[in-house]
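Please look through the sequence and the model below before reading on. The paragraphs after it are meant to be read with the structure open beside them.

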Amino acid sequence: MPRKVNYGIDCDDGYDDDYDDYDYGYDVEENVKEPSLQDTIKRGVWRCSVCTYDNDDTMSSCDICGILRSPSVRNGTYDEKRTAPFKFDAPSPDDLVSNGLHSSEQHAKAKIFDFKSSRAPSSRVGKNEAVKELSSAKRSDSSHDSTGKDNHNGIVFSKNLEINTSSGFKASDKSSASMAKGRVEDSDGRSVSINMCSSGQSSSSLMPKERTDMVEDGSSLTHGGEGHNLTSNLKNMTLAAKSGNSKDIKANSRAQYKPEKWMLPEKAEDSLTQLNLAIVGHVDSGKSTLSGRLLHLLGRISQKEMHKYEKESKLQGKGSFAYAWALDESAEERERGVTMTVAVTYLDSKRYHVVVLDSPGHKDFVPNMITGATQADAAILVIDASIGSFEAGMDGTKGQTREHAQLIRSFGVDQIIVAVNKMDAVEYSKDRFDLIKSQLGTFLRSCDFKDSSVTWIPLSAVENQNLVVAPSDVRLSWYHGPYLLDAIDSFQPSSRDFSKPLLMPICDVIKSSQGQVSACGKLEAGAVRSGSKVLVMPSADIAIVRSLERDSQTCSIARAGDNVAINLHGIDGNHVIAGGVLCHPDFPVAFAKHLELKVLVLDGATPILMGSQLEFYAHHAKEAARVARISSLLDSKTGKVTKKAPRCIVAKQSAVIELVLQEPVCIEMFSKCKALGRVFLRTLGRTVAVGVVTRIVEELV
Ligand code: GTP
Ligand code: MG
């Protein structure tokens, strides 16, 4: 059995998962309350400003909703006590066995998750009750937290890949459209010379140093107390100085890098290339059912397993969720019939090894969707064709169809399949399909999706129409396009940076009771194989690759685009952290807290002011941040500066800003590595801006 995560949350007995009873309107934001300082410091806890859960003082982000602790509060009460930026709880051997960490099921999967808030139906649960439910969820959670999950940095682990962030997202249509158009292409390639701390050197002596490839004025800002915090935090990371395993690192120009022969794929080796495919869309549109059905049709779920899912789901009065159960593994997900975390499964099409990233659709779990979908090369946007359901997904404030489409576009995904599901519920009506295509098509164009990169497919996951063969139902005889699997094969392969130095953002870390540690994630550039030396950032330790696993199978080489678990040795497991990056030893990723960004403030978002405190998200890293400077406003069409040093940026405006993070993160300029250079800025559970890193103002060395 694949590992099943049970949060042990007490569910509302009266919870009814009928579609109409779901509370799409439930807004955690309604509970927003600025914590008083007293609230914050009492009993060694701090109160989350969003869900009001009282977190232990050692937590840097809310254990329930993942919202980062207010930096201003942290400065006063937290940093002094902080002993390490991240905390790991190694799973017990029993946990690992019971969770099947090393099992090799055919459709072995990993779950990407973390956000643990209960889905509170507001029709039944009032505001306070909802908060209570969240809190009790957390309490029972901690007492059941024996699943081998790391929950630092908002990241929880499961079998292979587990990541997570927090809070809801609301963005509106036009915003991401302009964002997508406003991509930044900085000139780069200049050599960066940095010296990482060497063995025996105290990490506290590490000082910020201006990056040599800075372009204009790198006016470094001094912020009260930050130097101290930075130094002490670096010290607390017990970096390479303690491990004695670091090396002097001289970052070389990437232009000088010459990949070895084995790093480049040979056609003959494997005719299938890897496709990381995000399944996204509004809640209950049928994403998990569709994924489960595909896995079953393609033999990744055996008949025996399917019978078991059918029997168990029926027994629980959830017969219609039988296929979804293959993806929704946790008791809570199954009980509620809602996906909370991203499930990672694998299937093969004619052309691709497909990594299926089945995302949650409910708005409470958008952060989970974000961190999973950052790995996507392409996406299937699932639409519920039923009357009223498509419309609910398109709702500007509550629907996730628009939001997911915007998000995946801003992740750089430009080819999608729109799977118009549940066509059985509308008698396979061509008119309904055409209406959906017309309305959603207009919106997708506004998000900068080209018509030629969008494939529209009417289908029914439940009735198995148009999935892996042409439809048999005569009511679909009007459709003459490809079936779903065919359309997946029609995706253009993503270009991969095989010939660049290794870069793998770590989305998850698995530690075994025997002390083995595996870093999981998608290689964004380069390649590794057993025996390779890798630089583990930000600890700057060198580790050796002991083995590699893809789809629960050992493999000898992983290259750019592959989604793998890399078993490392020669490193303290505590130095491998989600949000970190595995790099080529001679080409370290930047580690910085002072960044210049080009951002677009989303439609409907609150203005960004000088000094605004925000949550910063990049690949699998998140950190509290402060706007240190708004350098200029930009014309969103031409990119030209329209105003220098404005006081604020309002919705739909683009600007160049400088951000100072509470703690440094592994990051790259967008021009150097797109996946490591995309950022999202959020506050109070909403994404307020998307953008890219244009300059690393100060790099820590
Ligand atoms: P979240 O992950 O929570 O956002 O939901 P989801 O999009 O994964 O939906 P899920 O697969 O859990 O299915 C939700 C409900 O829709 C279940 O009751 C399914 O049986 C039903 N469903 C899924 N596909 C179809 C379909 O093709 N036709 C009909 N009539 N119902 C479907
Ligand atoms: Mg689902």
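What follows goes from the ligand site to the metal ion and then to two further residues.

The model is a predicted one, and a convenient place to enter it is ligand 1, which is surrounded by 19 residues. The closest of these are Lys287, Thr289, Ser320, Thr339 and Asp424. By character, the shell around ligand 1 divides into six nonpolar, nine polar and four charged residues, and its largest share, three residues, is supplied by helix H8, which covers residues 287-297.

Several polar atoms of the protein can be picked out around the oxygen atoms of ligand 1. A polar side-chain atom of Lys287 lies 2.7 Å from an oxygen atom of the ligand, and a polar side-chain atom of Asn421 lies 3.0 Å from an oxygen atom of ligand 1, whereas in the case of Ser285 it is a polar backbone atom that lies 3.1 Å from a ligand oxygen. Taken alone, ligand 1 exposes 650 Å², and the protein buries 90% of that area.

The magnesium ion, ligand 2, is coordinated at 2.0 Å by Ser288 through OG and by Thr339 through OG1. These two residues link distant parts of the chain, since Ser288 belongs to helix H8 while Thr339 sits in the loop between helix H10 (331-336) and strand E6 (342-348), 51 residues apart. Ser288 counts as buried because its relative accessibility is 6%, under the 20% cut-off for that class. Thr339, with a relative accessible area of 9%, is likewise buried, and Thr339 is also one of the closest residues to ligand 1.

Turning to helix H14 (residues 430-446), one finds Arg432 there. Is Arg432 buried or exposed? With a relative accessibility of 9%, Arg432 counts as buried. Once its neighbours within four places in sequence are set aside, Arg432 is in contact with Ala385, Ser386, Ile387, Gly388, Phe390, Glu391 and Val426. For one of these partners the separation can be stated in two ways, as Arg432 and Ser386 are 46 residues apart in sequence but 8.8 Å apart in space, C-alpha to C-alpha.

The last residue to locate is Asp551, in the loop between strand E16 (541-550) and strand E17 (553-555). Although Asp551 is found in a loop, its relative accessibility is 15%, so Asp551 counts as buried. Its side chain is joined to the side chain of Arg300 by a polar contact of 2.9 Å.

Key:
Residues are numbered from 1 along each chain as its sequence is written. Chains are lettered from A and ligands numbered from 1 in the order in which they are written. This is a predicted model: local features need pLDDT of at least 70, side-chain atom pairs count only at pLDDT 80 or more; totals for chains, interfaces and linings use all residues. Side-chain values use heavy atoms; hydrogens and water are left out. A residue is near a molecule or strand if one of its heavy atoms lies within 4 Å of it. A polar contact is a pair of N or O atoms within 3.5 Å; within protein, one must be able to donate a hydrogen and the other to accept it, and residues adjacent in sequence count only if both atoms are side-chain atoms. Accessible areas come from the Shrake-Rupley method with a 1.4 Å probe; for residues, only the protein chains shown count as cover. Helices (H or I, at least four residues) and strands (E, at least two) are DSSP runs, numbered from the N terminus. Ala, Val, Leu, Ile, Met, Phe, Trp, Tyr, Cys and Pro count as nonpolar, Asp, Glu, Lys and Arg as charged, and the others, Gly among them, as polar. Buried means under 20% relative accessible area, exposed over 50%, partly exposed in between (1.4 Å probe, protein chains only). Contact means heavy atoms within 4.5 Å. Donors are N, O and S atoms within 2.8 Å of the metal (3.2 Å for Na, K and Ca); water is not among the atoms, so sites may look incomplete.
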